[in-house]
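Trainee: Could you take one part of this model and go through it closely, starting with how a pair of helices packs and then turning to the enclosed space?

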Amino acid sequence: MLGNRKKAAPINGAGTSESKAIDPLRNLGVQEDEDVKRMLQGSSMVKVRSPRWQKRRTLKLLEDGITVWCQSHKTSSWAKEQQSFSVMEVECVREGCQSEILRQIVGSVSEGQCLTVVFKGPRKSLDLLCQSQEEAKHWARGIRTLQERVENMTQKEKLDHWIHAYLSRADQNHDDKMSYDEVQTLLQMINIDLSDQYARSLFQKCDHSADGRLDHGEIEVFCRELLRRPELDAVFIRYSGNGCVLSTQDLRDFLKDQGEDASLTHAQSLILTYELNEWAQKNQFMTPNGFTMYMLSKENCVFNPEHERVYQDMKQSLAHYFISSSHNTYLTKDQLTGDSSIEPYIRALKHGCRCVELDCWDGDKGEPVIYHGHTLTSKVSFVKVIETINEYAFKASPYPLILSLENHCSMEQQTVMAQQLQSILGDRLLTKPLSGLDSHSLPSPEDLKGKILVKGKKDLRVEDCSSSSSELSSSDEEASQAEGKPKKKEDKKPGLSKLSPELSELVVYTRSAPFKSFEQAAKNPSTDMSSFSESDALRHVKDLGMYFVRHNTHQLSRIYPSGQRLQSSNYNPQEMWNGGCQIVALNFQTPGEQMDLNQGKFLQNGQCGYILKPHFMCQPETTFNPENVGGGPGHSPVLLTVRVISAQQLPKPEWDKPSSIVDPQVWVEIHGVPIDNNKKKTHHVDNNGFNPRWDCTFNFTVHVPDLALVRFMVEDHDYTSSNDFLGQYTLPFTSLLKGYRHVRLLKLDGSSLSPSSLFIHIKVTPCQSSPSKSQSKSSAK
């Protein structure tokens, strides 16, 4: 159960909000923020889609302090859904005419009045023209303030804000009190179907004044009762010597079982941090309320907090790292009719992506453009993309960024590209090998910190004038055709390079080279890298796994999706990581299980986009084979026991009726080498997305833990149609913390689903032997 101490009102608060019982803004602590006040009042703006399409809209921050309403006259339910957005769905706010659309009206408006709201998922950006520069700054600053405040809230604060936001919506007559009918509306909103008898008894229990309405303190009591966590109380009682409080020794016993620091000093510091009761704190006890506060804190998330920083050795060869990589980065949707934009580059780079793709074609007036050639996808200026990359390249990670160039340009426009890369990126662009290092060996991420590398063709005759014939790499053209990208039309003349010397010179450590065989590649310098289609790469992993792993100990491999994936779907990246492939390029714009795995993989090491491969994948003569089921390097079998206990505050599918309640079930999945792939599910709980209980225990044998990912996925069970996705969380097996943990669920697009979570227990024990997997998929009831 939650703490009894009410939140203190802000010292400077002078408004009426501090006396209100139902006030989400109080929980956010932003009542007196001038930017937020302006947002609450609402602003008349112009929504811009083109120089001709400009419509006046009113934007207003709702009382929950998170939702922005954009007033329109559209009537469809989908359109109404698109009329609002949460500040937590915003990737960034760009001030001025920085989007492709707003640049078209530069000169006719003041740039200071313009701003672009870039969203995290596939949703189109919102281009706005404000009535004044001051108003634009209020909204830009206000959104950032609210985002920062929500991100810094504790789980307890998020729960308080969440329930008060729903209370505000359920208070239909806005009298700051809750009638029984309004309570029933609230219960429906928060996804719980209580019997009328229980709901009425809960209401009456809190209605101390017996006037049929809950007010002020009664609402706080009601919230505490609603948010009680009996399963946390049960854990508390199990460790409490007297059933009332935890002594420091009781707490140390709990911490020992959790695998945490069980010292007296640590136990005392936790009591000082999380215990709200002054008497208990003074006497070094932890009450049930303090224990709940501790269990809801970030310290008890399933992901190891030590892995939120860069903790791996960053001084090994680039070939020894998995590198977060994007395919067709410029596309917002599919590769036939989707828009090309600079905004997907912003999203990818802000999420730690370290290899982005640029499909370059001749544009008008001698200016190269980026798009999916010979399709209906729109075009975006090469120079604008490079400017955007320069701005966002190192916001999420200091480690090297690779620009994968698909070059279809004429010699003249290639030269323009080279000039623009150099003039815009300046000293960040790597133009020659690092001094003091072998120019034919790959440097480390640490060596290349803050540098941008160009991956592309290189005319080796520039370096070796004695060469009798051109050694111009053709791998990009081979890859382009395999990816479904058209080949550049040109007359082939023997020995005649079609590559601009200026562009060729910018390729230093990442030269595109055709792959002929592993034997041939072993003779080439490690600065050569090859691109493989997903089918070719998978064939190598299955048939020649050990040799592919060895190849990837000294050269980089880039894997790209099949050209048949016209809707920009993704392949399974885990199969490529199993083969040691570093640059496993995915369509970041397409959410789903594959991107969940990618995001989970790169959660570790400070989300810097570089993950050190296991030691058995870095040794030149390794015998590791991902298809091996009989032991060998990398095989250290462990038994993973996962107890799925409960969930909290699950959402409803966006398209569900307001009256519907979800029937949740949980999948626990292992993704790794083939022998480890497994998934199991709980039974479903009828009509309860608020606090469903399962208490299901699953056992998994994980043979190669260093390559395994664990995915938790919650869905709404349906007898008549396919189940609806509700939330998920994926993390490396090696980042799991044991004991009682909370799993903070994410949306389909990878953004936070706060305060939705799972409560689980994790146990990992070594296996005496390597038992064969009895089943690949099973259901626990």
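Mentor: In this predicted model, helix α15, which spans residues 343–350, and helix α16, which spans residues 382–392, have axes that come within 10 Å and cross at roughly 20 degrees. Angles under 35 degrees count as roughly parallel, and α15 and α16 are therefore described as roughly parallel to each other. The handedness can be stated as well, since α15 passes α16 in a right-handed crossing. On the α15 side, the contact is made by Tyr345, Ile346, Leu349 and Lys350, while α16 contributes Val385, Thr388, Ile389 and Tyr392. Sorted by class, the residues in this contact of α15 with α16 are 6 nonpolar, 1 polar and 1 charged.

Turning from the helix pair to the enclosed space, the model contains 5 cavities of 30 Å³ or more, and the largest cavity holds about 90 Å³ of space. The lining of that largest cavity consists of 15 residues, and those lying nearest its centre are Leu159, Leu227, Arg229, Gln648 and Gln649. As for the elements involved, helix α6 (155–170) and strand β28 (752–766) each supply at least two residues of this lining. The lining of the largest cavity divides by class into 7 nonpolar, 6 polar and 2 charged residues, whereas the contact between α15 and α16 has 6 nonpolar, 1 polar and 1 charged.

How values were computed: Residues are numbered from 1 along each chain as its sequence is written. This is a predicted model: local features need pLDDT of at least 70, side-chain atom pairs count only at pLDDT 80 or more; totals for chains, interfaces and linings use all residues. Side-chain values use heavy atoms; hydrogens and water are left out. On a 1 Å grid over the protein atoms alone, a cavity is a set of points where a 1.4 Å probe fits but cannot get out, and a pocket is an open set with protein on both sides within 12 Å along at least five of seven lines; lining residues have an atom within 4 Å of a point. Grid points are joined across faces, edges and corners, and a volume is the space filled by probe spheres set on the points. Helices (H or I, at least four residues) and strands (E, at least two) are DSSP runs, numbered from the N terminus. Ala, Val, Leu, Ile, Met, Phe, Trp, Tyr, Cys and Pro count as nonpolar, Asp, Glu, Lys and Arg as charged, and the others, Gly among them, as polar. Axes are lines fitted to C-alpha atoms, for helices over the stretch in contact, and angles run from 0 to 180 degrees between N-to-C directions. Angles under 35 degrees count as roughly parallel, over 145 as roughly antiparallel, 65 to 115 as roughly perpendicular and the rest as oblique. A crossing is left-handed if the near helix is turned anticlockwise from the far one by less than a right angle, and right-handed if clockwise. Contact means heavy atoms within 4.5 Å.
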